[in-house]
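Student: I have just opened this structure and would like to learn how its descriptions are arrived at. Could you take me through it?

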Amino acid sequence: MTAAHVEDLKDPLKGMFQAIEEKTNIVDHILKLEDLQREIASTAPAQLRHFLERRSYIKALEYLETGIVIDDPNRPDCEDDAHPH
């Protein structure tokens, strides 16, 4: 995964969160993320792949920006099978 891929992933993630705030459509952002996810699948770090596969997009963005993820006790666990993926 290249530095360009990191920036390519950040853009639709940030755009999606902005669209959510503005209560506008996020479909284009999700589709772009899915395309990028397929493109980097073989070279992305395992933790980032996990976040993207589970649609843990906040964690994915945190990982891309800092390289680490600090768990928020108020955030639902992405391992929780009660939530659809």
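Tutor: Happily! Keep in mind that this is a predicted model. Let's begin with α1 and α4, whose axes lie 10 Å apart and which pack at an angle of about 140°.

Student: What makes α1 oblique to α4?

Tutor: Roughly antiparallel is kept for angles over 145 degrees, and roughly perpendicular covers 65 to 115. The angle here is about 140°, so α1 is oblique to α4. The crossing of the two is left-handed.

Student: Which residues make that contact?

Tutor: From α1 come Val-6, Leu-9, Lys-10, Leu-13, Lys-14, Met-16 and Phe-17, and from α4 come Tyr-57, Ile-58, Ala-60, Leu-61, Leu-64 and Glu-65. Sorted by class, the contact has ten nonpolar, three charged and no polar residues.

Student: Why are α1 and α2 called roughly antiparallel?

Tutor: Their axes cross at roughly 160° and come within 9 Å. Angles over 145 degrees count as roughly antiparallel, and α1 and α2 are therefore described that way. Their crossing is left-handed.

Student: What classes of residue does the contact of α1 with α2 have?

Tutor: It has nine nonpolar, three polar and three charged residues. On the α1 side, Leu-9, Leu-13 and Met-16 are among them, and on the α2 side Leu-33, Leu-36 and Ile-40 are included.

Student: Now the interior. How many residues does the largest nonpolar core have, and which have the most contacts inside it?

Tutor: The largest nonpolar core has 17 residues, and Leu-9, Leu-13, Leu-48, Leu-52 and Tyr-57 have the most contacts inside it. At least two core residues come from each of α1 (3–22), α2 (27–40), α3 (46–53) and α4 (57–66). The largest share, five residues, is supplied by α4.

Student: What is Leu-52 in contact with, leaving aside its neighbours within four places in sequence?

Tutor: Leu-52 is in contact with Leu-9, Gln-37, Ile-40, Tyr-57 and Ala-60. Contact here calls for heavy atoms within 4.5 Å.

Student: Which residues of α4 are buried, and what do they pack against?

Tutor: Tyr-57, Lys-59, Ala-60, Leu-61, Tyr-63 and Leu-64 are buried. To be called buried, a residue must have under 20% relative accessible area. The buried residues of α4 pack against α1, α2 and α3.

Student: And what comes just after α4?

Tutor: There you will find Gly-67, which takes a positive phi of about 85°.

Terms used:
Residues numbered from 1 in each chain as written. Predicted model: local features only at pLDDT ≥ 70, side-chain atom pairs only at ≥ 80, totals over all residues. Heavy atoms only, no water. Core = buried A, V, L, I, M, F, W, Y, C linked by side-chain atoms within 4.5 Å. Buried < 20%, exposed > 50% of the residue type's maximum accessible area, 1.4 Å probe, protein only. Helix = DSSP H or I, 4+ residues; strand = E, 2+ residues; numbered from the N terminus. Axes fitted to C-alpha atoms, helices over the stretch in contact; angles between N-to-C directions. Parallel < 35°, antiparallel > 145°, perpendicular 65-115°, else oblique. Left-handed = near helix turned anticlockwise from the far one by under 90°. Nonpolar A, V, L, I, M, F, W, Y, C, P; charged D, E, K, R; others polar.
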